Amino acid sequence: MELFKWLRLQWDRVFGAAFVVTGAVALLTGWSKVSATPYPAEQIPYVVSAGLGGLFLLGVGATLWHSADLRDEWRKLDRLEEKLDALAAADETETVVLDEPKAAPNQYTPRLRAAAVPARGTGGVPLTTAAGAAWDSQD
């Protein structure tokens with residue numbers, strides 16, 4: 001019973017695998033028939049039917065498998081969205097703030113000055129940080 005439930009839920013993955021296997025069998029069959037004869041007139045029908053048909057089946061199978069993977073990702077995103085909505089509903093302000101990662105100490109830390117000074121090449125417009133201090137360039 002569980003097998004039928006799994007097959008029903010994963011129909012695109014099952015059909016994708018079946019199309020890939022069928023395409024591989026068609027390509028191998030076509031290759032064995034083409035390699036059995038040295039005459040191009042006898043090889044062309046196998047290249048057209050088995051070769052192109054096998055490639056088409058491989059493409060359909062890969063598309064179905066990719067569709068199943070995307071559907072799994074959409075489900076994960078839906079679960080995350082539900083959790084974030086639940087967090088927002090529990091919070092009175094309805095804001096969710098994620099912790100920012102700690103920045104690693106940097107060897108080069110520019111010095112800050114208290115006054116905003118026009119930087120070179122800005123046409124006299126001072127460049128300031130968010131705190132209101134200007135960067136001191138080390139020319």
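Hi everyone. Let me start with how the chain makes its contacts: if we take pairs at least 6 apart in sequence, 51% of those contacts join residues at least 24 apart. Please keep in mind that what you see above is a predicted model.

Now the overall layout. The protein chain has three helices and two strands, and along the sequence the pattern reads α-α-α-β-β. There are 139 residues, and 15% of them count as buried. The chain exposes about 11,400 Å², with carbon and sulfur atoms supplying 65% of that area.

Let's begin near the start of the numbering, with leucine 3. This residue sits in helix H1, which covers residues 2-9. Is leucine 3 buried or exposed? Leucine 3 is exposed, at a relative accessible area of 54%; the cut-off for that word is over 50%. Leu3 also belongs to a nonpolar surface patch, together with Phe4, Trp6 and Leu7, and the patch comes to about 450 Å².

Next, please look at threonine 37. You'll find this residue in the loop between helix H2 (11-35) and helix H3 (40-90). Threonine 37 is buried, with a relative accessible area of 11%. What does its side chain meet? There is a polar contact between the side chains of threonine 37 and glutamate 42, at 2.5 Å. A polar atom of the threonine 37 side chain also lies 3.4 Å from the backbone nitrogen of tyrosine 39. If we set aside neighbours within four places in sequence, the contacts of threonine 37 are with Glu42 and Gln43.

On to the charged residues. As general background, side chains of opposite charge can pair when their charged atoms come close. How many salt bridges does a search of the whole structure find? The search gives five, and I'd like to walk you through some of them.

My opening example is arginine 71 with aspartate 12, where the closest N and O atoms are 2.6 Å apart. Arginine 71 lies in helix H3 and aspartate 12 in helix H2, so this pair ties together parts that are 59 residues apart in sequence. Aspartate 12 is buried, with a relative accessible area of just 2%.

Staying in helix H3, arginine 75 and aspartate 72 meet through their side chains in a salt bridge, 3.5 Å from N to O. These two are three residues apart in the helix, so about one helical turn separates them. Both ends are partly exposed: arginine 75 has a relative accessible area of 37%, while aspartate 72 comes in at 22%.

Helix H3 offers another pair, lysine 76 and glutamate 73, whose side chains form a salt bridge at 3.8 Å, N to O. Here too the partners are three residues apart, about one turn of the helix. Lysine 76 is partly exposed at 41% relative accessible area, and glutamate 73 is partly exposed at 42%. Salt bridges that share partners also join Arg13, Asp69, Asp72 and Arg75 into one network.

So, which residues would I ask you to look at again in the viewer? Please try threonine 37, buried in its loop, and then the salt bridge between arginine 71 and aspartate 12. After that, have a look at the nonpolar patch that includes Leu3 and Trp6. Thanks for listening, everyone!

Definitions and conventions: Residues numbered from 1 in each chain as written. Predicted model: local features only at pLDDT ≥ 70, side-chain atom pairs only at ≥ 80, totals over all residues. Heavy atoms only, no water. Patch = residues over 30% accessible without salt bridge, like charges linked within 9 Å, V, L, I, M, F, W, Y side chains within 5 Å. Areas by Shrake-Rupley, 256 points an atom, 1.4 Å probe, with all protein chains shown as cover. Salt bridge = Lys/Arg side-chain N within 4 Å of Asp/Glu carboxyl O. Helix = DSSP H or I, 4+ residues; strand = E, 2+ residues; numbered from the N terminus. Buried < 20%, exposed > 50% of the residue type's maximum accessible area, 1.4 Å probe, protein only. Polar contact = N/O pair within 3.5 Å; in protein donor to acceptor, adjacent residues only side chain to side chain. Contact = heavy atoms within 4.5 Å.
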